[in-house]
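This briefing concerns a strand, two pockets and a helix in one protein model. Please consult the sequence and structure shown here alongside the points that follow.

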Amino acid sequence: MRRVVVTGMGIWSCIGQDLQTVTESLRQGRSGIGVRPERKQLGYHSLLTGIVPRPDLKPLLDRRLRNALSEEAEYAYMATREALKNACIDADYCLQNEIGVVFGNDTSNGAVVDSYVGAKESIDTFMLGSGMAFQALTSNVAMNMANIFHLRGANFTTASACASSAQAIALAAMLIQFGQQSIMVAGGAQETNDKSMIAFDGVNTLSKRNDDPIHASRPFDKNRDGLIPSGGAAVLVLEDYEHAVARGATIYAEIAGFGFSQNETPLGQPSSESEYQAMISALQSANLAPENIDYVNAHATSTIAGDIAESKALTRLFVKENQIINHKSEIINRKPYVSSTKSMTGHECWMAGASETIYTILMMQHNFVAPSINIEDIDDSAKELNIVRTMQEAEINTALSNSFGFGGTNCSLIFKKW
């Protein structure tokens, strides 16, 4: 099968809206989490969220194109624009070549609610405008990016909660591996409006540290009290290796493998066994062993059940089953570095798999491991792991990133430094 490489990246997130700023945020352990006081009037118990600025698209797109964009599609436009520029792909190239697109995007709650409220207030659905019909679709991000950037190849939307954009990357890679496409735009997008996470607040999954937002996201910490929702968009340009070389593209990393699994547990309950299986499948796909992994970007969202399940799966794979016998016949463990970038970004939900891919590749490029901030008292389940709590200079040649979706859909990705 063809090799798949990353030739472009773009991001719009709460820790930066360009690659350089995001890299510095990761190095410094800088949080992008704040509060939205107005959520209290909606009955929210958690006022916390990743603070993602809305882009001003008026100078960039005409009104007709803007009207079809949901909030998450606005973020995706900015990230896709940066990723294509980073890959040295311009509008003429898109028009003359077949480029596919896959986005992870599981909801468009803001547009759905706004449509309903608008119709109820005007008592006339004709007053909504044609753009709302596009904005309300889960597939609105992929269809809009294809339309705006002339991406005329395969077009898919993956909707698997927090695993959505990791699956988008894997699907795009598969299309290239099997020769269906030579270039794919793959990414994820997540809205941050007040309608987007109201149901999750209602089932008590969000942190209530409203008076201390930058310390609220605490993966692996004993005193964590829930996740912080966040969003934005992250986009990668994936390409067949031979094609990338032929057009003189800069290669940032290789997509070496991916694995999938589904929980056997009831909805909403994580499964350590299934998470372990996703990682094993990814290693087998990449023809690698656990000792080959230098770094793990953990899914770890700062929920008690989720963090503990993943800690157990990581400990099983990288500690208990990752023993090496040295030349003195001594048994040693080669533990990879582990951190959760969600400690800084919060849980970027449907975009998390794509954004954490970019975070990981940036660490690979710049030879450092971003920290898991806010750990004061590490959870017992994670004590055997090599969790990085302050930024560490280190060379990362091979990395694994986990995305475990609410509802039980799991995806693990493996990357190699170029």
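In the residue classes used here, Ala, Val, Leu, Ile, Met, Phe, Trp, Tyr, Cys and Pro count as nonpolar, Asp, Glu, Lys and Arg as charged, and the others, Gly among them, as polar. The model is predicted: local features need pLDDT of at least 70 and side-chain atom pairs count only at pLDDT 80 or more, while totals for chains, interfaces and linings use all residues. Residues are numbered from 1 along each chain as its sequence is written, and side-chain values use heavy atoms, with hydrogens and water left out.

**Pockets**

- A pocket is an open set of points on a 1 Å grid over the protein atoms alone, where a 1.4 Å probe fits, with protein on both sides within 12 Å along at least five of seven lines; lining residues have an atom within 4 Å of a point.
- The largest pocket has a volume (the space filled by probe spheres set on the points, which are joined across faces, edges and corners) of about 530 Å³.
- Its lining comprises 32 residues, and Leu227, Gly268, Thr301, Thr303 and Phe406 are the closest to the centre.
- By class, this lining of the largest pocket contains 12 nonpolar, 16 polar and four charged residues.
- Helix H12 (residues 304-320) gives the largest share of that lining, five residues; helices (H or I, at least four residues) and strands (E, at least two) are DSSP runs, numbered from the N terminus.
- The second largest pocket holds about 270 Å³ of space.
- Among its 20 lining residues, Arg54, Leu69, Glu71, Glu74 and Gln135 lie nearest the centre.
- The lining of the second largest pocket divides into five nonpolar, six polar and nine charged residues.

**Strand S7**

- Nine of the nine residues of S7 (residues 232-240) are buried (under 20% relative accessible area with a 1.4 Å probe, protein chains only), so the strand is largely enclosed by the rest of the structure.
- Strand S1 (residues 4-12) runs antiparallel to S7, joined by eight bridges; strands pair if DSSP finds at least two bridges between them.
- Val4 has Asp240 as its bridge partner in S7.
- Strand S6 (residues 183-190) is likewise antiparallel to S7, with eight bridges, and Gly188 stands opposite Ala234.

**Helix H11**

- H11 (residues 272-286) has 15 residues and reaches 21 Å from its first C-alpha to its last, close to the expected 21 Å, which is 1.5 Å times one less than the number of residues.
- Buried residues of H11 include Tyr276, Met279, Ile280 and Leu283.
- Asn287, which follows H11, has a positive phi near 60°.

Notes. Buried means under 20% relative accessible area, exposed over 50%, partly exposed in between (1.4 Å probe, protein chains only).
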